[in-house]
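Student: I have a model open on my screen and would like to go through it with you. Could we take it in small steps?

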Amino acid sequence: MQESILLHHYPVSPFAEKIRRILGFKNLAWSSVQIPMIMPKPDLVALTGGHRRTPVMQIGADIYCDTALISDILEHLAPTPTLYPDHEKGLTRILAQWADTILFPVAMAYNFQPKGAEHVFSKMGAEAAKAFGADRSAMRGGAPRMSPPEATITYKSYLRRLSSILDNQPFLCGDQPSLADFSAFHPIWFTINNVPHLSHILDATPEILKWYKRISAFDSSTKLEVTSSEALKISANAKPKALVDEIFEDVHGIGLGSQVIIHAESFGVEPTQGKLLAATKTRFTIEQTDPRAGTVNVHFPRNGFMLKQA
Ligand SMILES: N[C@@H](CCC(=O)N[C@@H](CS)C(=O)NCC(=O)O)C(=O)O
């Protein structure tokens, strides 16, 4: 029997929304584990061994970090409807990566301009808002954010580019939805849902609003809430799944079985340490043990992550 999918996330996380919508698109049942928006995240980190970004997917004692990898795992679990239409596989991944790494920070710089930040923070209370600001600034390593005027003009230009694709087809890679749609959706979802008084930026691109409704139709609602301590018990009582036998792609000169450290290339670089079990052409797997989580396999995509000898 397939073990349940647990998504460790919080409601306002755009990257979590990307996965929630994909779960809806694929009609997969899942359980929600609410995690803190800022560090410390002791229960999440017990599972990941250090990685702190949101969301994280857990299936028994297998922990999947980063939405690029989570999307691949969901595709494997439920191949239809596909996220990677046959004729546009490369384009889908390239466009999804553009949306996650280029569109997303620009949209968030726009969303968090003072008028947007005030609105988001007013729901949190002063102390929580201060802690959130300090956490994110530490996470970015003090890197400056785009100024509001630059973010506005750039976001507008990116929206026009997306809109020009949607003039001729219902989804970004053609007649059917693909990963590219879910990646472009989540930053725009944040604008519409969390800073609605700034969503007039979308008025100039009505095709995007129509497309937004098409993606919103994939219902991602979930009924089961699982606490983070229950999630730890689930991993402690499970065994990681056997790894698929894939070619070991060693570009570092680090052998399987070595103690390694893996961390994101940029922002949120909290490392995970453990035993390297696999380094395939697309992913790393590390075994790590925690007194509460038990022995788990933590999986990362290769793109965007760095591996070192511990
Ligand atoms: N490349 C990552 C990016 C994830 C990301 O930036 N998530 C944000 C939330 S939307 C985050 O981790 N924020 C800090 C946190 O939640 O601690 C992915 O695709 O999963």
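Student: Happy to start with a single cysteine. Leaving aside neighbours within four places in sequence, which residues is Cys173 in contact with?

Tutor: Bear in mind that this is a predicted model. Cys173 is found in the loop between α7 and α8. Setting aside the neighbours within four places in sequence, the contacts of Cys173 are Pro85, Glu88, Leu91, Thr92, Leu95, Ser178 and Ala180.

Student: Is Cys173 buried or exposed?

Tutor: Count the other C-beta atoms within 10 Å: Cys173 has 21. The cut-off for a buried residue is 20 or more, so Cys173 is buried.

Student: And how far apart in space are Cys173 and Lys308?

Tutor: In sequence, Cys173 and Lys308 are 135 residues apart. In space, taken C-alpha to C-alpha, the separation of Cys173 and Lys308 is 36 Å.

Student: Let's move to the helices. Is α4 roughly parallel or oblique to α8?

Tutor: The axes of α4 and helix α8 (residues 179-194) come within 7 Å and cross at roughly 15°. Angles under 35 degrees count as roughly parallel, so α4 is, with respect to α8, roughly parallel.

Student: How many nonpolar residues are there in the contact of α4 with α8?

Tutor: α4 passes α8 in a left-handed crossing. The α4 side of the contact includes Leu95, Ala99, Leu103 and Phe104, and the α8 side includes Ala180, Ala184, Ile188 and Phe190. By class, the residues of this contact are 5 polar, 2 charged and, to give the number you asked for, 13 nonpolar.

Student: How is α4 placed against α7, roughly parallel or oblique?

Tutor: Helix α4 (residues 89-111) packs on helix α7 (residues 148-166) at about 135°, with the axes 8 Å apart. Angles over 145 count as roughly antiparallel and 65 to 115 as roughly perpendicular, with those under 35 degrees roughly parallel. The angle fits none of these classes, so α4 is, relative to α7, oblique.

Student: How many charged residues does the contact of α4 with α7 have?

Tutor: In α4, Leu103, Val106, Ala107, Ala109 and Tyr110 take part, and they meet Ala151, Thr152, Thr154, Tyr155 and Tyr158 in α7. By class, that gives 8 nonpolar residues, 2 polar ones and, for charged residues, none.

Student: Which handedness does the crossing of α1 and α8 have, left or right?

Tutor: Helix α1 (residues 14-25) and α8 have axes that come within 8 Å and cross at roughly 125°. That angle makes α1 oblique to α8. As for the handedness, α1 passes α8 in a crossing that is right-handed.

Student: How many charged residues are in the contact of α1 with α8?

Tutor: From α1 come Pro14, Phe15, Glu17, Lys18, Arg21 and Ile22, while α8 brings Phe182, Ser183, Phe185, His186, Pro187, Trp189 and Phe190. The division is 8 nonpolar, 2 polar and, for charged residues, 3.

Student: Now the backbone. Is the peptide bond from Thr80 to Pro81 cis or trans?

Tutor: Most peptide bonds are trans. Pro81 is placed in the loop between α3 (67-77) and α4. Omega for the bond from Thr80 to Pro81 is near -5°, and the bond is cis.

Student: What is omega near for the peptide bond from Thr54 to Pro55?

Tutor: Pro55 has its place in the loop between α2 (42-48) and β3 (56-59). The bond from Thr54 to Pro55 is cis, and omega is near 0°.

Student: What is the phi of Asp66 near?

Tutor: Most residues other than glycine have a negative phi. Asp66 lies in the loop between β4 (62-65) and α3 and, with 23 C-beta neighbours inside 10 Å, counts as buried. Phi of Asp66 is positive, near 80°.

Student: How does Phe267 count, buried or partly exposed?

Tutor: Phe267 sits in the loop between β6 (259-264) and β7 (272-279), and its phi is positive, near 30°. Inside 10 Å Phe267 has 13 C-beta neighbours, so it counts as partly exposed.

Student: Last, the whole chain. What is the radius of gyration of the protein?

Tutor: The protein has 10 helices and 10 strands. For 310 residues the globule rule gives 19 Å, and the protein comes close to that, so it is as compact as a globular protein of that length. The radius of gyration is 19 Å.

Conventions:
Residues numbered from 1 in each chain as written. Predicted model: local features only at pLDDT ≥ 70, side-chain atom pairs only at ≥ 80, totals over all residues. Axes fitted to C-alpha atoms, helices over the stretch in contact; angles between N-to-C directions. Helix = DSSP H or I, 4+ residues; strand = E, 2+ residues; numbered from the N terminus. Contact = placed C-beta atoms within 7 Å. Nonpolar A, V, L, I, M, F, W, Y, C, P; charged D, E, K, R; others polar. Rg over C-alpha atoms; globule rule 2.2 N^0.38 Å. Left-handed = near helix turned anticlockwise from the far one by under 90°. Buried ≥ 20, exposed ≤ 12 C-beta atoms within 10 Å, placed from the backbone.
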